[in-house]
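Good morning, everyone, and thank you for making the time. I would like to walk you through one structure, with the sequence and the model on the screen as we go.

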2 protein chains.
Amino acid sequence: MANQSPRLDQVFAALADPTRRAIVMRLCAGEASVGELADPFAMALPSFMKHIHVLETSGLVLSEKSGRVRTCRLSPDALLGAEDWFQQQRAIWEARLDRFEAYVMKLKKEKERAAAKRPSRTTKRKGSE
Amino acid sequence: MANQSPRLDQVFAALADPTRRAIVMRLCAGEASVGELADPFAMALPSFMKHIHVLETSGLVLSEKSGRVRTCRLSPDALLGAEDWFQQQRAIWEARLDRFEAYVMKLKKEKERAAAKRPSRTTKRKGSE
DNA sequence: CGATTGGTTAGCCATGAAGCTAACTATAGG
DNA sequence: CCTATAGTTAGCTTCATGGCTAACCAATCG
């Protein structure tokens, strides 16, 4: 029940930036070096590296340096964790909608029964909500 | 293909804060007034209202004031939009994994065929990557 | 060796986010 | 009418974020 996970904070914060989302999207297609990743962006390397670092500390991306080139790849766990969060919320939301619908149905039925009992009151306006 | 949606920026940024995620979770269970929402948090009202406002401009939450009380409710669209983003990434990721697996299978088969051809070389080490 | 390439570190700046208090508006209740 | 309630506005601090330049390693390559 305690959903105070600092990981989610970082994952969502990381994904709030279009540059970083683009990096994640790129990495979904396969690993790449920092240089390759940086290429499409009109941004100085140090600025770009900050984004990589943010992605890394959020757990979304892993990287490894061999020689003078650092290769980055996606770590699906964090991504899946965030997706889970959405699915949980949606489940709760949908359960509520179901309950609400059930409630409306119940009201409707009661109204029908009342109408059957004393038809003269069928045209009564809306009723209390 | 242009996924530069400023909406996603705002939605993810909104969800990067634990207070705001808690608000969203609370609202999944049904609408509530600002006061009700603020109650569990040890935070001055003006600070809290900022969170509400962030949620509102992100499109996650709608609110309406009647009398002196403002009632908030979830707007599922933005939530679903964000969930979609994850599902798209996952689809790409999984397609890649499939392709990778297919590639590995192909390698394996070739190796087997080679082994069948000249069994003496079966114990050769790893091979070039 | 010396130059180039690929990345890293350090430090600066502007902006925006998250919190606070204090003071104000406007409805509801007595 | 008076007071308490529910938000709201204004203005202030502090810290994080996103960008830059300049200078600095450390592998390659010629």
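Let me begin with the surface near DNA strand D, which by class is made up of 8 nonpolar, 5 polar and 7 charged residues. Please keep in mind throughout that this is a predicted model.

In total, 20 residues surround DNA strand D, and the closest of them are A:Ser47, A:Lys50, A:His51, B:Met49 and B:Arg68. If we look from the side of the DNA, sugar and phosphate make up 60% of the atoms of strand D that come within 4 Å of the protein.

Some individual contacts are worth pointing at on the screen. An N or O atom in the side chain of A:Ser47 sits 2.6 Å from a phosphate oxygen of strand D, and a polar backbone atom of B:Gly35 is 2.8 Å from a phosphate oxygen of that strand. With B:Arg68 we come to a base, as an N or O atom of its side chain is 2.5 Å from a base oxygen of DNA strand D.

Which element gives the most to the surface near DNA strand D? That is H4(A), with 4 residues, and I would like to stay with this helix for a moment. At 1.5 Å a residue, its 13 residues should span 18 Å, and the end C-alpha atoms are indeed 18 Å apart, so the two values agree.

Within H4(A), the residues A:Phe48, A:His51, A:Ile52 and A:Leu55 are buried. They cover an arc of only 100° around the axis, and therefore they lie on the same side of H4(A). In general, an α-helix has 3.6 residues a turn, so residues three or four places apart point the same way. The buried residues of H4(A) pack against helices H1, H2 and H3 and strands E2 and E3 of chain A, whereas the face turned away from that buried side carries the exposed residues A:Pro46 and A:Lys50.

Let me now turn to the other DNA strand. Around DNA strand C there are 20 residues, of which A:Met49, A:Arg68, A:Arg70, B:Ser47 and B:His51 come nearest. A polar side-chain atom of A:Arg70 lies 2.7 Å from a phosphate oxygen of strand C, while a polar backbone atom of A:Gly35 is 2.8 Å from a phosphate oxygen of strand C. B:Arg68 appears here as well, with an N or O atom of its side chain 2.9 Å from a base oxygen of DNA strand C. For the surface near strand C, H4(B) gives the most, with 4 residues.

Definitions and conventions: Residues numbered from 1 in each chain as written. Chains lettered and ligands numbered in written order. Predicted model: local features only at pLDDT ≥ 70, side-chain atom pairs only at ≥ 80, totals over all residues. Heavy atoms only, no water. Near = heavy atom within 4 Å. Polar contact = N/O pair within 3.5 Å; in protein donor to acceptor, adjacent residues only side chain to side chain. Helix = DSSP H or I, 4+ residues; strand = E, 2+ residues; numbered from the N terminus. Nonpolar A, V, L, I, M, F, W, Y, C, P; charged D, E, K, R; others polar. Expected span 1.5 Å × (residues − 1). Buried < 20%, exposed > 50% of the residue type's maximum accessible area, 1.4 Å probe, protein only. Arc of directions from axis to C-beta. Contact = heavy atoms within 4.5 Å.
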